[in-house]
Amino acid sequence: MFERWGRTVYRRRRLVLVLSAIVVVAAAVWGLGVFGTLTSSGEFDVAGSESQRAAQLETAALGRDEADVVVLYRSRTSTVDDPAYGADVTRALQALPPGHVDSFATYWSTKSPQFVSADRKSTFAVLRLRGEDEHARRDHLAAIRTAVAVPGLESLVGGSTATQKMISDGVKKDIVLAEGIATPLLLLLMIFIFGSVVAAGLPLLIGVVAVFGSFSALHLFGLFTNVSTYAVNITTLLGVGLAIDYGLFMVVRFREELNRGHTGEEAVVRTMATAGRTVAVSGVTVAASLASLLIFPQSFLRSMGMGGLATVLVDMVAALTIMPALLAVLGPRVNALAPRWLARRQGRQSLFWARLGRGVMRRPVVVLVGTLAILVTLGLPFLRVSWGGIDARALPAGTETRVVSETMTDEFPANFTNPLRAIVTLSDPVSSPASRAALSAYTGRVEAVPGITGAQLTGEAGRTARIELTYSANRMSAEARDVVRKVRAVPPPAGASVLVGGATAALVDQLANLGDLLPWMALLVGVTTFLLLFMAFGSILLPIKAVIMNIFSLSATFGALVWIFQDGHLSGLLGFTPTGFLEPSMPILVLAIVFGLSMDYEVFLLSRMREHYDAHGDNTAAVAAGLQRTGGLITSAALLFIIVVAAFSTSGITFIKLTGIGMLIAVLVDSTIVRALLVPATMKLTGRANWWAPGPLRRLYGRYGIRESDEAVVPESTLVTR
């Protein structure tokens, strides 16, 4: 199939490029509209959870009662007891542009002491904005942001809408910064690695196609479901990273075929029959890993799954259509602008990898024990991982919304603007004496829960009532989550039902949901990977070893993330504030991406080993040959991918930084310790069993296997045998 496709693309190369150009332009025009459909509201909420049902019932029966905006006011000289202080703040809020604010509450409108700091010089106003969705509320915030300021007072704007907007804007800036940092470095390194200016430009072109194509897919998804604003990050990251991997693998193979004296057409056909098949297997494997994110109900993870899946598939299709067409047009000119000293360097590099492989296989037990000891040691901190949520500390220190959040925590009653909400549905109207008595008794019971600092009836309509509960613990801490569980365990009034919501309750539901679905994600990825690798290599043992080695590699990565982000090591160097916990969605995202990339490198390496083994039947020689031909490719691809993710590691948003650094560590560990040391050591120890399969499965592989073995085998004379 791949041979026929390669020949078709070669003979219709100009038509393929013209049609591709039309599709890419259309995708760019349509895809750039994705930014108008993205959302950052409710991205981590669990559909159907108790907290979400509480929020939906509250909104339907009582209306929204969120602290969308918190405006902090400070005076150096006056206290809130000064009439002028109150008059100035009230006048500014009453004069806000009409149509933007539903309501506001202050110390002077409520007389609540919880609005006043201990020195009585600071206070805050809580604003509820108009708007049915987060986009509309952000627009309203932009319209009033400067108008809330009061002359003579320090006026700072915070709250959930302001924080979400700041994070969203920060992510967009990070993308621009990442591209600005990564692009020049990528260009220079790719010229160095590819050895040719022309060859280096081909993968970047595929990357651009992948980004526009995935933007188009996300725009389409956004018409039917919520798509997270952070999906563009994974699109950009994977679009460029995988394009480099696939482009590097295909260009190198095309050059090999030209060097063997094949015509341009035969070189394209053989490249597609070998490297093209590998790219297809790799693409489907990576796509399957990212598709596992779709089982989670949180829009953040589902969006990342949709964005990643679209990107990988577009990358794969572009590599199997546009790339061979470009190679067909260029022919030997793919080596244009190639300095001779780079070609000599590549030859020396090839010898290094073959000798490394044979050196490892001379002492496989020592290498195996040593590498496993390193990976296990790196992974030990993960045993004490603590999970939490995202708050304003994800923003850089000194950011306006973060200053407001920290001041609210330090100077005002805890969680006053982020209470738990018990939404009570009674059998009789709230106004009836029986309901009043039942509500009073229930309020007393929940107020007596350890950790609860206050309970107050704040809304009622028909048979529905809202009781707001304040509590002393940090709202993202384990202590706060324990308070939620205790509140939920309080018996409801007779004949009534209670739903407990709020930010901490949503976190409890999120952690429970992730814990329930994570084993299913692991099973889905493991089974899919096993089946794909078997169909690619016809072995039972190799897929099992690949999954096990990935587990060790990922545990080392997660251990490093705990050590850095939970414990706070390197926080000064990396520029973030440790919180003592990790947000669980980010490691799951890293798991999906890195597992896919690890299999990407595994497929590249094993494909060459299988090709040589099919031709000669020598396991040791096959391992050495595979490492010789792909060791440099894998480390080069990993280095280029590290440049991309390292740029994301400069993000001012902590969880984006964590994702970037997690992928950086994982790719570094996988491309060095695992692929260069652990794989050849285990391949040597297991010998011919690497390629064994029972008779029926062997026949299945022989008939339907996605093999990369044809007559284009690397000549023995070019391989290191000593």
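Me: Two strands pair if DSSP finds at least two bridges between them. Which residue in β9 stands opposite Gly459?

Reply: Arg466 in β9 stands opposite Gly459. Strands (E, at least two residues) and helices (H or I, at least four) are DSSP runs, numbered from the N terminus. This is a predicted model: local features need pLDDT of at least 70, side-chain atom pairs count only at pLDDT 80 or more, and totals for chains, interfaces and linings use all residues. Residues are numbered from 1 along each chain as its sequence is written, and side-chain values use heavy atoms, leaving out hydrogens and water.

Me: How many bridges join β8 and β9, and in which sense do they pair?

Reply: Eight bridges join β8 to strand β9 (residues 464-471). The sense is antiparallel.

Me: In what order do the strands of that sheet stand?

Reply: Read across the sheet: β8-β9-β7-β10. This is an open sheet of four strands, paired antiparallel. The edges are β8 (452-461) and β10 (497-501). Each edge strand has a single partner, so one side of each is left without a neighbour in the sheet. From one strand to the next, the twist averages 20°. Angles run from 0 to 180 degrees between N-to-C directions; axes are lines fitted to C-alpha atoms, for helices over the stretch in contact. Helix α3 packs on this sheet. α3 touches β7 (420-425), β8, β9 and β10, and its direction makes about 105° with that of β10. Contact here means heavy atoms within 4.5 Å.

Me: Which strands stand at the edges of the sheet β3-β4-β2-β5?

Reply: Take the order before the edges. That sheet is open, has four strands and pairs antiparallel, in the order β3-β4-β2-β5. Its edge strands are β3 (101-105) and β5 (154-158), each pairing on one side only. Neighbouring strands are turned by 20° against each other on average, direction ignored.

Me: How many bridges join β3 to β4?

Reply: Four, and the two strands run antiparallel. Strand β4 spans residues 122-129. For a register point, find Ala105, which stands opposite Val126 in β4.

Me: Which helix lies across these strands?

Reply: Helix α6 (residues 134-144) does. α6 lies across β2 (69-74), β3, β4 and β5. Against β4, α6 runs at about 135°.

Me: Now helix pairs. What describes two packed helices?

Reply: The angle between their axes and the distance between the axes. Try α9 and helix α10 (residues 264-291): their axes come within 9 Å and cross at roughly 150°. That makes α9 roughly antiparallel to α10 (under 35 degrees is roughly parallel, over 145 roughly antiparallel, 65 to 115 roughly perpendicular, the rest oblique). The α9/α10 crossing is right-handed, a term used when the near helix is turned clockwise from the far one by less than a right angle; anticlockwise is left-handed.

Me: At what angle do α1 and α11 pack?

Reply: About 55°, with axes 9 Å apart. Helix α1 covers residues 2-11 and helix α11 residues 299-330. The angle makes α1 oblique to α11. Their crossing is right-handed. Look at the contact side chains next. Phe2, Trp5, Val9 and Tyr10 in α1 meet Leu320, Thr321, Pro324, Ala325 and Ala328 in α11.

Me: How many salt bridges does the structure hold?

Reply: The structure holds 29. A salt bridge is a side-chain nitrogen of Lys or Arg within 4 Å of a carboxyl oxygen of Asp or Glu. One of them joins Glu50 to Arg488, with the closest N and O atoms 3.4 Å apart. Glu50 lies in α3 (residues 50-62) and Arg488 in helix α16 (residues 478-489), so the pair ties together parts 438 residues apart in sequence. Arg488 is partly exposed, at 24% relative accessibility (buried is under 20%, exposed over 50%, partly exposed in between; 1.4 Å probe, protein chains only).

Me: Where do Arg91 and Asp88 lie?

Reply: Both are in helix α4 (residues 83-94), three residues apart, about one turn of the helix. Their salt bridge has its closest N and O atoms 3.0 Å apart. Arg91 is exposed at 51%, while Asp88 is partly exposed at 30%.

Me: Is Glu611 buried or exposed?

Reply: Buried, at 2% relative accessibility. Its salt-bridge partner Arg253 is also buried, at 1%. Their closest N and O atoms are 3.0 Å apart. The pair links distant parts of the chain: Glu611 in helix α20 (residues 585-616) and Arg253 in α9 (residues 231-259), 358 residues apart. Both belong to a network of salt bridges with Glu256, Glu257, Arg260 and Arg608.
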